[in-house]
Amino acid sequence: QEAARRHGSCCEEIALFVKATSGSASGGTLASMMNIVKEARTNRDVARVLADPYALNPVDERHGPDGRDQQKVLHDADAGTWTAPFIMAGVNTRVVRRSHALAGYPYGKDFRYREAVMTGQGAGGWLKGNLMALALGALAMGIYFRPTRRLMRRFVLPKPGEGPDAKAREAGFFNLVQVGKLPGGEIIRTRITGDRDPGYGSTSKMLAEAAVCLARDELSSPGGVLTPAFAMGNALLDRLRRNAGLTFDVVD
């Protein structure tokens, strides 16, 4: 919206970076991850779906310019920082692409979207990124093999039903940066912040506001299996700003 207001066209590419966050995963979330990995290991069809960046797009719309999610440490010139793989990119990016397809490709069919974690500049940023990538890879390998998966379930990971308590949820936060690039090379940067644990504190408020939005607001979207952005759009965005502790700001 800001790109269209300023320049009369939409971004052809947007990258979302996790700049800072405080939160933890529950045992149920980790158990779900393990089950997905287990299914993918025994069923090649599941593995193919997980690897497809357009897997959630409508039928006959599962194609586009985006490839696999970031797998290693990369330097991003537009953001001016080293970046590492983001564990939630495999879910989030596909939801964004489905929203775009359901909306009729307002940014164009060549639109690209990706997510990563900011790790800083210079040698320190490179080192931090590699340590994060190494830890993520170790977690993935541990989940992949049955013996290590059992050991992790028994001795390392929280059990289903366990997770951050109320104090931890309230102390959590997240700070995200979006870098959008227009066809002419112009750059727009935005910031999104949340005032609670991203997985449970902020998400619960987002879910509640989405429910109220669906129940009370005048929405023009059709029925079906929709994403929040396509189903509720600006109506939900306004509610998240007013009631859910989220901010959405253009920073330059």
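**Group meeting talk: charge, core and salt bridges**

Let me begin with the surface, where helix 2 (27-42) and helix 6 (146-156) each contribute at least two residues to a positive patch. Please keep in mind throughout that what we are looking at is a predicted model. The members of that patch are Lys38, Arg41, Arg146, Arg150 and Arg153, and the helix that gives the most is helix 6, with three residues. Arg41 sits in helix 2, and with a relative accessible area of 42% this arginine is partly exposed.

There is also a nonpolar patch on the surface, made of Leu56, Ile87, Met88, Val91 and Val95, which together have about 390 Å² of accessible area. Within this patch, Ile87 is placed in the loop between strand 3 (81-84) and helix 4 (89-102), and its relative accessible area of 45% makes Ile87 partly exposed.

Turning to the interior, in soluble globular proteins nonpolar side chains tend to be buried together. Here the largest nonpolar core has 21 residues, and Leu176, Met232 and Leu236 are those with the most contacts inside it. At least two residues of this core come from each of strand 1 (13-22), strand 4 (112-120), strand 5 (173-181), strand 6 (187-194), helix 8 (201-216) and helix 9 (228-243), while the largest share, four residues, belongs to helix 9.

Let me now come to the salt bridges, of which a search of the whole structure finds 13. One of them joins the side chains of Glu2 and Arg6, at 2.9 Å from N to O; these two residues are four apart in helix 1 (residues 2-7), so about one helical turn separates them. Glu2 counts as partly exposed at 22% relative accessibility, and Arg6 likewise counts as partly exposed, at 38%.

Which residue forms a salt bridge with Asp69? The partner is Arg94, with the closest N and O atoms 2.9 Å apart. Because Arg94 lies in helix 4 and Asp69 in the loop between helix 3 (44-51) and strand 2 (74-76), the pair ties together parts that are 25 residues apart in sequence. Both Arg94 and Asp69 are buried.

A further salt bridge links Arg196 with Asp195, where the closest N and O atoms are 3.6 Å apart; Arg196 is partly exposed at a relative accessible area of 28%, and Asp195 is partly exposed at 31%. Finally, Glu13, Asp76, Arg112 and Arg114 are joined into one network by salt bridges that share partners.

Conventions
Residues are numbered from 1 along each chain as its sequence is written. This is a predicted model: local features need pLDDT of at least 70, side-chain atom pairs count only at pLDDT 80 or more; totals for chains, interfaces and linings use all residues. Side-chain values use heavy atoms; hydrogens and water are left out. Patches are made of residues with over 30% relative accessible area and no salt bridge: like charges are joined within 9 Å, nonpolar side chains (Val, Leu, Ile, Met, Phe, Trp, Tyr) within 5 Å. Accessible areas come from the Shrake-Rupley method with a 1.4 Å probe; for residues, only the protein chains shown count as cover. A salt bridge is a side-chain nitrogen of Lys or Arg within 4 Å of a carboxyl oxygen of Asp or Glu. Lys and Arg count as positive and Asp and Glu as negative; His and the chain ends are not counted. The place of a charge is taken as NZ of Lys, CZ of Arg, CG of Asp or CD of Glu. Buried means under 20% relative accessible area, exposed over 50%, partly exposed in between (1.4 Å probe, protein chains only). A nonpolar core is a set of buried Ala, Val, Leu, Ile, Met, Phe, Trp, Tyr and Cys residues joined through side-chain atoms within 4.5 Å.
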